[in-house]
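Me: I've got a model with a ligand open here and I'd like to learn how to read it. Could you take me through it feature by feature?

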Amino acid sequence: MRVMIVSAISREASSCYILARNIFELCRERGVEVDFATPANVGVPPNDGLVPDDLPAALLWQQRVAATHAHIWVSPEYHSGMTGAMKNLFDYLAKEPMAGDVIGLVALAGGAMAALNTLNGMSVVARSLGAWVAPELCALNSNDVKNGLDDRTQARVAGLVDSVLDMGRRLNAPPPSADVVF
Ligand SMILES: Cc1cc2nc3c(=O)[nH]c(=O)nc-3n(C[C@H](O)[C@H](O)[C@H](O)COP(=O)(O)O)c2cc1C
C-alpha cells in the first residue's frame with residue numbers, strides 16, 4: 001500500500017512541515033511506501049484557469065495521486081481554512097481521483113481554539129474528491145508541535161496514522177475469491 005503525506009507548507013521550520021515529517025516517519029516505521037508532497041515539490045502554479053491541461057508538473061502530480069491508496073493531509077489554519085497553496089494542489093485533480101481511498105486530516109492553529117473549521121473544510125474537499133475521511137480528526141496547536149509533542153498527543157497522532165493505514169488496507173483489499181465459503 002502506498003500512502004501520501006501532504007504538507008500544506010513547504011518551509012521546513014514550519015510546525016506544519018515538522019508534524020507532516022513526524023507522520024511520514026510513523027508511516028515508514030509501519031512498513032508502508034510513503035510519498036511526501038509539498039506545494040514546492042509538486043511545483044504547480046496557481047490554477048487560475050489559464051494553465052494548460054497538459055502542464056507536465058500537473059500530469060506528474062496527478063500520477064502521484066493515482067498511485068496512492070491512503071492520504072494524510074496536514075495544514076495550518078489560514079483564516080479558518082486550509083492554506084490556498086494546499087487547496088491549489090487539489091484544484092489540479094479531476095473529479096473523484098481518490099475514489100476508494102482514505103484520508104486522515106490534521107490541522108494546526110495558532111490560537112487557543114483548535115482548528116475545527118479548517119478540519120471541517122478539509123473534510124468537505126476530501127469528500128468532494130471521492131475519499132473516505134477517517135473519523136479521528138486531529139487538531140493541534142502549532143506551538144505545541146514546535147515545542148515537541150507530549151506523549152499523549154503523539155499517541156493521538158499515531159492513532160490517526162494507524163486508523164488510516166488500517167482503513168486503507170481494508171478499502172484496497174482484493175475481493176474475496178468466489179470459492180470462499182462463508
Ligand atoms: C495568513 C495566515 C492566516 C492565519 N489564520 C489563522 C486563523 O484563522 N486561526 C488561527 O488560529 N491561526 C491562524 N494563523 C496561524 C497559523 O495557523 C499557524 O499557527 C502559524 O502560521 C504557524 O506558523 P509556522 O508555520 O511558523 O509554524 C494564520 C497564519 C497566517 C500566516
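Reply: Sure, let's start at the ligand. A nitrogen atom of the ligand sits 2.9 Å from a backbone N or O atom of His79. That is a polar contact, meaning a pair of N or O atoms within 3.5 Å; within protein, one must be able to donate a hydrogen and the other to accept it, and residues adjacent in sequence count only if both atoms are side-chain atoms. Two quick notes on where this comes from: the model is predicted, so local features need pLDDT of at least 70 and side-chain atom pairs count only at pLDDT 80 or more, while totals for chains, interfaces and linings use all residues. Residues are numbered from 1 along each chain as its sequence is written, and side-chain values use heavy atoms, with hydrogens and water left out.

Me: Which atoms of the ligand do the side chains of Arg11 and Ser142 approach?

Reply: Oxygen atoms. For Arg11, an N or O atom of the side chain is 3.1 Å from an oxygen atom of the ligand. For Ser142, a polar side-chain atom lies 2.7 Å from an oxygen atom of the ligand.

Me: How much of the ligand's area does the protein bury?

Reply: Accessible areas come from the Shrake-Rupley method with a 1.4 Å probe; for residues, only the protein chains shown count as cover. Here the ligand exposes 630 Å² when taken alone, and the protein buries 67% of that. Strand S4 (102–109) and helix H6 (142–147) are the elements that give two or more residues to the shell around the ligand. Those labels are DSSP runs numbered from the N terminus: helices are H or I with at least four residues, strands are E with at least two.

Me: How many residues surround the ligand, and how do they divide by type?

Reply: A residue counts as near if one of its heavy atoms lies within 4 Å of the molecule or strand in question. By that rule 14 residues surround the ligand, and the closest are Ser15, Glu77, His79, Ser142 and Lys146. The shell has four nonpolar, seven polar and three charged residues. For the classes, Ala, Val, Leu, Ile, Met, Phe, Trp, Tyr, Cys and Pro are nonpolar, Asp, Glu, Lys and Arg are charged, and the others, Gly among them, are polar.

Me: Back to His79. Is this residue buried or exposed, and what is the sign of its phi?

Reply: Buried means under 20% relative accessible area, exposed over 50%, and partly exposed in between (1.4 Å probe, protein chains only). His79 is exposed, because its relative accessible area is 84%. As for phi, most residues other than glycine have a negative one. His79 has a positive phi of about 50°, and the residue is in the loop between S3 and helix H4 (84–90). Glu96 also has a positive phi, near 55°. Glu96 lies in the loop between H4 and S4 and counts as partly exposed, because its relative accessibility is 40%.

Me: Now the interior. Which residues of the largest nonpolar core touch the most other members?

Reply: A nonpolar core is a set of buried Ala, Val, Leu, Ile, Met, Phe, Trp, Tyr and Cys residues joined through side-chain atoms within 4.5 Å. This core has 61 residues, and Ile5, Leu19, Ile23, Trp61, Ile72, Trp73 and Phe90 touch the most other members. Its largest share, eight residues, comes from helix H1 (residues 15–29).

Me: What does Trp73 touch?

Reply: Contact means heavy atoms within 4.5 Å. Not counting residues up to four places away in sequence, Trp73 touches a list of residues including Val6, Met86, Phe90, Ile103 and Leu129. Trp73 lies in strand S3 and is buried, because its relative accessible area is 0%.

Me: And which side chain makes a polar contact with that of His71?

Reply: Asp101: the two side chains are joined at 2.8 Å. His71 is in strand S3 (residues 70–76) and counts as buried, because its relative accessibility is 0%.

Me: One last case: which backbone atoms lie by the side chain of Asn88?

Reply: The backbone oxygen of Pro45 is 3.1 Å from a polar atom of that Asn88 side chain, and the backbone nitrogen of Asn47 is 2.7 Å from a polar atom of the Asn88 side chain. Asn88 is in helix H4, and at 13% relative accessibility Asn88 counts as buried.
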